[in-house]
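Open the model in your viewer and turn on selection. We will visit the empty spaces inside the protein, one stop at a time.

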Amino acid sequence: MFPERRLRRLRKRNLQPLFRETRIDASDLVMPLFFDETIEQPVAITSMPGQFRYPVGDAKSVAERLKSAGISSVLLFGVPAEKDAAAHSAYAENGGLQRAVAAVKRACPEMVVITDVCACEYTDHGHCGIIGETSSGEIDLLNDPSLALMQKIAVSHARAGADMVAPSCMLDGQVGAIRAALDAAGYADVPIMSYSTKFASAFYGPFREAAHSGYSFGDRTTYQMDPANGREALLESEMDADEGADILMVKPAALYLDVLAKIREIGLPVAAYQVSGEYSQIKAAAERGWLDERRCALESLTCIKRAGADLIITYYAEDAARWLHEEQ
Ligand code: PBG
């Protein structure tokens, strides 16, 4: 060993690029976007500096801007004008999200449009599906009645032109149910990117302002996963793979790299979602001059890829694409 072996020999500045194992590219990144039916101008999301809720009418210009920044995939969320207990507007033929999907595809046909399939933006109680009394007498998210709702939402997104649907509500059986519904409606070619291992994370905090999806009672711990559980995390993704998921996902990303590395072994492509809180904590510290935003963001994305992500959903997508371009 030392002094014969000196690992620093290969760390000379000019040699470093030859041995870099992981590189991120704009084509790895998916930009989340919020389209709000109730606004006429973009509204800044206070808890996520640099992010906006956009009017549906801006879908074309936003898509074109992202395309010119080098972004080729987007994940769309809708904020509806009307919420109710059954989330009717989530699958409305002419819903805001559905119109935004169609407008993005019209403006940039090659853009990959993925939609979040969930009801929390659309229910008046803010939970991810249908609420009622369970067999154990508690008021909670009802699993099987909510599956029918997710089927309707996913089919409406496919009909609007989505390239891929991404169920995010952590219902048991959601991937199989959505697959069957898409196939029956003539969308056998539309892939499912399942939020297969989604933790009940406090790092989703800022998203609830962004998507107006805060809940009025309880929390999401009876359907999303306990951050403490690694083996269950693997099981969740394995079951979604068996139900026909095309892409698995770990969410949040950077705190769960051990889970990501294991889920990669299943063999399907794996996405990681760098969530709102992961974005905002870098932003907030950078605003105070405590962290170098660009370096921290790129380091975080690089490490998420190194751990096993094939694609990364990140609010930094547009900035990162620009930074990566500048470095070339
Ligand atoms: C919808 C959904 C959420 C996020 C993505 N899809 C909120 C939640 O589960 O509470 C969070 C994304 C983020 O924090 O950036 N269920």
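**Stop 1: the cavity**

Select the ligand. The space it takes is the largest cavity. Keep in mind that this is a predicted model. How many cavities of 30 Å³ or more does a search of the whole structure find? The search finds 1. About 140 Å³ of space lies in the largest cavity.

Now show its walls. The lining of the largest cavity has 19 residues. Pick Cys120, Lys198, Tyr204, Phe207 and Lys251, which lie nearest the centre of this cavity. Colour the lining by class: you get 9 nonpolar, 4 polar and 6 charged residues.

**Stop 2: around the ligand**

Stay with the ligand and select its shell. There are 18 residues around the ligand. The closest are Lys198, Arg208, Lys251, Ser276 and Tyr315. By class, the shell divides into 10 nonpolar, 3 polar and 5 charged residues.

Next, check three polar contacts:

- Tyr315: a polar side-chain atom sits 2.6 Å from an oxygen atom of the ligand.
- Ser276: here a backbone N or O atom is 2.7 Å from a ligand oxygen atom.
- Gln224: an N or O atom of the side chain is 2.8 Å from an oxygen atom of the ligand.

How much of the ligand's accessible area does the protein cover? On its own, the ligand has 400 Å² of accessible area, and the protein covers 100% of that.

**Stop 3: the largest pocket**

Leave the ligand and select Ile24, Leu298, Thr302, Leu324 and Glu327. Of the 19 residues that line the largest pocket, these lie nearest its centre. The volume of this pocket is about 550 Å³. Show helix H9 (293-307) and helix H10 (317-327), the elements that give two or more residues to the lining. Which element gives the most? It is H9, with 6 residues. Colour by class again: the lining of the largest pocket has 7 nonpolar, 5 polar and 7 charged residues.

**Stop 4: the second largest pocket**

Keep H9 on screen. Add Ala254, Gln281, Ile282, Cys296 and Ser300, which lie nearest the centre of the second largest pocket. In total, 14 residues line this pocket. Its elements with two or more lining residues are helix H8 (276-287) and H9. H9 again gives the most, now with 5 residues. The volume here is about 220 Å³. For a last colouring, find 9 nonpolar, 3 polar and 2 charged residues in the lining of the second largest pocket.

Definitions and conventions
Residues are numbered from 1 along each chain as its sequence is written. This is a predicted model: local features need pLDDT of at least 70, side-chain atom pairs count only at pLDDT 80 or more; totals for chains, interfaces and linings use all residues. Side-chain values use heavy atoms; hydrogens and water are left out. A residue is near a molecule or strand if one of its heavy atoms lies within 4 Å of it. A polar contact is a pair of N or O atoms within 3.5 Å; within protein, one must be able to donate a hydrogen and the other to accept it, and residues adjacent in sequence count only if both atoms are side-chain atoms. Accessible areas come from the Shrake-Rupley method with a 1.4 Å probe; for residues, only the protein chains shown count as cover. On a 1 Å grid over the protein atoms alone, a cavity is a set of points where a 1.4 Å probe fits but cannot get out, and a pocket is an open set with protein on both sides within 12 Å along at least five of seven lines; lining residues have an atom within 4 Å of a point. A molecule sits in a cavity or pocket if more than half of its atoms lie within 2 Å of its grid points. Ala, Val, Leu, Ile, Met, Phe, Trp, Tyr, Cys and Pro count as nonpolar, Asp, Glu, Lys and Arg as charged, and the others, Gly among them, as polar. Grid points are joined across faces, edges and corners, and a volume is the space filled by probe spheres set on the points. Helices (H or I, at least four residues) and strands (E, at least two) are DSSP runs, numbered from the N terminus.
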